[in-house]
Amino acid sequence: MKKILITGGAGFIGSHVVRRFVNKYPEYQIFNLDALTYAGNLENIKDIENQSNYTFVKGNIVDESFINELFSLHNFDGILHLAAESHVDRSIEDPLAFVKTNVIGTMNLLNAAKNQWKNNFEAKRFYHISTDEVYGSLGAEGLFTETTSYDPNSPYSASKASSDHFVRAYGETYGLPYVLTNCSNNYGSYHFPEKLIPLFINNIINNKPLPVYGDGNYTRDWLFVEDHAIAIDLVFHEGKNHETYNIGGFNEWKNIDLVKLLCQIMDEKLGRSQGTSQELITYVKDRPGHDLRYAIDASKINKELGWKPSVTFEEGLEKTINWYLNNEEWLQNVTSGSYKDYYQKQYS
Ligand code: NAD
Ligand code: TYD
């Protein structure tokens with residue numbers, strides 16, 4: 001039986017990846033390592049917590065001795081590394097937290113894998129999950145490809161870029177078998193309501209202002225999270241060692257257009273007259289160093305591994321909004337922080 005370590009599996013994307021792997025691969029023993037920060041919530045994976053091929057481990061990837069001990073207990077065949085500090089606005093407030101988790105934490109995992117596998121890399125794989133934000137900002141034209149130079153602008157993207165470089169360096173220097181993906185903005189269920197789409201859904205439900213940064217003319221390329229999990233599964237199993245793949249939704253939206261669409265759908269769903277939610281839009285001070293545009297050329301993963309998004313944006317957004325409306329308790333627990341007290345006590 002293969003032992004697979006997934007880090008950050010109580011977070012947004014990680015929970016979708018853990019669910020997919022636990023359900024799809026009963027022959028794997030899946031270990032979900034997560035520190036349960038504000039963004040980690042075991043409610044996100046409650047449906048699989050009792051499956052026999054699943055084990056949750058609470059721990060911090062920044063803690064080198066803890067990581068070494070974990071690797072002394074288990075010989076992992078594969079590592080899917082998603083644990084990270086992930087929010088740009090928080091990185092502007094506290095950059096060091098991002099260096100600790102995203103850079104030092106990744107280093108601890110790389111060292112533990114290298115020491116465990118020594119030079120016997122047969123059927124081993126370190127998969128580092130990263131972001132398109134490492135490439136910096138696009139102007140009005142063009143797309144990020146796998147050969148676009150790194151040019152990160154926020155402390156978040158700088159920390160992810162740094163970790164990407166270390167992963168590559170461990171591949172070149174020590175022969176560590178790695179794969180790396182850089183993905184565009186995700187949306188979907190279990191997304192913490194600090195990021196644009198879940199924050200605005202929550203605010204619309206609660207009739208709170210919708211804070212649009214600057215003039216709202218910033219562009220993001222949105223991908224449904226379950227399609228990201230499918231891509232991660234594919235790259236983990238079929239990607240080539242020492243390769244990078246870009247993953248994106250072929251789906252660019254200016255923030256303000258996306259927010260107006262959200263308002264329109266939410267008015268329909270909530271039985272409010274059209275235009276009600278748009279009145280909540282409030283233009284606020286811009287984010288410092290705000291990247292103008294991200295957009296991914298995902299043709300490599302499409303051509304080499306046959307991946308493309310399985311749902312349209314309309315379908316994905318509909319599923320996402322329905323999920324939030326049907327899971328208001330989750331939203332309330334997350335926004336009140338009550339989930340945290342519960343799980344922190346259970347696992348302290
Ligand atoms: P998230 O913030 O929702 O979840 C992060 C998870 O990591 C949480 O469960 C948290 O508890 C855990 N974690 C944080 N610090 C930790 C530590 N020191 N030790 C152990 N666990 C820790 O993040 P997400 O949006 O699911 O992103 C997952 C990964 O995907 C990240 O590496 C992120 O950079 C990358 N990514 C995210 C997006 C996106 O749109 N959200 C897009 C591309 C890439
Ligand atoms: P976000 O969801 O934080 O993702 P990222 O910064 O990683 O792209 O933000 C998406 C876009 O929405 C980005 O251009 C910033 C903007 N934004 C707002 O205008 N208001 C908000 O309250 C938030 C959270 C984001």
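Begin with the aromatic rings: across the whole structure, a search finds 19 aromatic pairs, where rings of Phe, Tyr and Trp (its six-membered ring) pair if their centres lie within 6.5 Å, and where planes under 30 degrees apart count as stacked, over 60 as edge-to-face and the rest as tilted. This is a predicted model, in which local features need pLDDT of at least 70 and side-chain atom pairs count only at pLDDT 80 or more, while totals for chains, interfaces and linings use all residues. Residues are numbered from 1 along each chain as its sequence is written, chains are lettered from A and ligands numbered from 1 in the order in which they are written, and side-chain values use heavy atoms, with hydrogens and water left out.

**First stop: Tyr 187 and its partners**

Select Tyr 187 and Phe 224, whose ring centres are 5.6 Å apart and whose planes stand at 50°, so the pair is tilted. This pair links distant parts of the chain, since Tyr 187 lies in strand β7 (residues 185-187) and Phe 224 in strand β9 (residues 219-224), 37 residues apart; here helices (H or I, at least four residues) and strands (E, at least two) are DSSP runs, numbered from the N terminus. Both Tyr 187 and Phe 224 are buried, a term that means under 20% relative accessible area, with exposed meaning over 50% and partly exposed in between (1.4 Å probe, protein chains only).

Now add Phe 313 to the selection: its ring centre is 5.2 Å from that of Tyr 187 and the two planes stand at 85°, so this pair is edge-to-face. Again distant parts of the chain are linked, with Tyr 187 in strand β7 and Phe 313 in helix α10 (residues 313-326), 126 residues apart. The relative accessible area is 1% for Tyr 187 and 6% for Phe 313, and both residues count as buried.

For another group of rings, select Phe 21, Tyr 25, Tyr 28 and Phe 236, which form one aromatic cluster.

**Second stop: ligand 1**

Centre the view on ligand 1 and show the 29 residues around it, of which Asp 34, Asn 60, Ser 86, Tyr 156 and Lys 160 come nearest; a residue is near a molecule or strand if one of its heavy atoms lies within 4 Å of it. Among the polar contacts to look for (pairs of N or O atoms within 3.5 Å; within protein, one must be able to donate a hydrogen and the other to accept it, and residues adjacent in sequence count only if both atoms are side-chain atoms), a polar side-chain atom of Asn 60 is 2.8 Å from a nitrogen atom of ligand 1. The side chain of Tyr 156 places an N or O atom 2.7 Å from an oxygen atom of ligand 1, whereas at Asn 186 a backbone N or O atom lies 2.9 Å from an oxygen atom of this ligand. On its own, ligand 1 has 830 Å² of accessible area, and the protein covers 96% of it, with areas taken from the Shrake-Rupley method and a 1.4 Å probe, and with only the protein chains shown counting as cover for residues.

Colouring by element is useful here, as α1 (12-24), β5 (125-131), α5 (155-174) and β7 each supply at least two residues of the shell around ligand 1, and β5 gives the largest share, three residues. By class, this shell divides into 14 nonpolar, 13 polar and two charged residues, where Ala, Val, Leu, Ile, Met, Phe, Trp, Tyr, Cys and Pro count as nonpolar, Asp, Glu, Lys and Arg as charged, and the others, Gly among them, as polar.

**Third stop: ligand 2**

Move to ligand 2, which has 18 residues around it, Glu 133, Pro 211, Arg 220, Arg 287 and His 290 coming nearest. Measure from its oxygen atoms: one is 2.5 Å from an N or O atom in the side chain of Arg 287, and one is 2.9 Å from an N or O atom in the side chain of Asn 185. Taken alone, ligand 2 exposes 510 Å², of which the protein buries 97%. The elements that give two or more residues to its shell are α6 (196-205) and β8 (210-213), and the shell has nine nonpolar, four polar and five charged residues.

**Last stop: two loops**

Select Lys 118, in the loop between α4 (95-117) and β5, where phi is positive, about 45°, although the residue is not a glycine. Lys 118 counts as exposed, at 59% relative accessibility. Finish at Gly 9, in the loop between β1 (2-7) and α1, which is buried with a relative accessible area of 0%.
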